[in-house]
Amino acid sequence: MTNALTHVLSQIRGGLALADAGRKMREIVKAVKATGKKGSITLTIDIEPDKNDETVVTLQPKVKISKPSKPFP
């Protein structure tokens with residue numbers, strides 16, 4: 001098993017976490033281009049031990065974005 005981050009991300013929730021992060025990244029890029037202001041994306045992966053098997057861990061991804069917005073005229 002490889003421990004490369006990109007491989008792990010592609011495996012979490014069958015790739016749904018990575019797809020969600022990609023959608024949110026495109027959303028931020030679009031907002032940054034539209035406003036000329038910066039935005040950010042944060043990917044957090046909580047890693048918890050399995051209660052029944054000490055060789056297994058559970059990965060819980062969270063994707064948070066901070067999207068810039070245009071000020072009201």
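**Close-up views of the chain**

**View 1. Glutamate 48 sits in strand E1, which covers residues 40-49.** This is a predicted model, so keep that in mind for everything below. Is glutamate 48 buried, partly exposed or exposed? Its relative accessibility comes to 40%, and with the partly exposed class lying between 20% and 50%, glutamate 48 counts as partly exposed.

**View 2. Here we look at the neighbours of glutamate 48.** Leaving aside residues up to four places away in sequence, glutamate 48 touches Val56, Val57, Thr58 and Gln60. Then there's leucine 59: eleven residues separate leucine 59 from glutamate 48 in sequence, and their C-alpha atoms are 6.6 Å apart in space.

**View 3. Stepping back, the chain has two helices and two strands.** Read from the N terminus, the order is α-α-β-β. The radius of gyration is 16 Å, well over the 11 Å that the globule rule gives for 73 residues, so the chain is more spread out than a compact globule. Boxed along the principal axes, the C-alpha atoms fill roughly 60 × 20 × 15 Å. Of the contacts with a separation of 6 or more, 47% are between residues 24 or more positions apart.

**View 4. Now for the surface and the charges of the chain.** How much of the 73-residue chain is buried? Buried residues make up 14%. About 6000 Å² of the chain is exposed, with carbon and sulfur atoms supplying 57% of that area. As for charges, the chain carries 13 positive and 7 negative ones, and the mean positions of the two sets lie 20 Å apart.

Technical notes:
Residues are numbered from 1 along each chain as its sequence is written. This is a predicted model: local features need pLDDT of at least 70, side-chain atom pairs count only at pLDDT 80 or more; totals for chains, interfaces and linings use all residues. Side-chain values use heavy atoms; hydrogens and water are left out. Helices (H or I, at least four residues) and strands (E, at least two) are DSSP runs, numbered from the N terminus. The radius of gyration is taken over C-alpha atoms; the globule rule is 2.2 Å times the number of residues to the power 0.38. Buried means under 20% relative accessible area, exposed over 50%, partly exposed in between (1.4 Å probe, protein chains only). Contact means heavy atoms within 4.5 Å. Accessible areas come from the Shrake-Rupley method with a 1.4 Å probe; for residues, only the protein chains shown count as cover. Lys and Arg count as positive and Asp and Glu as negative; His and the chain ends are not counted. The place of a charge is taken as NZ of Lys, CZ of Arg, CG of Asp or CD of Glu.
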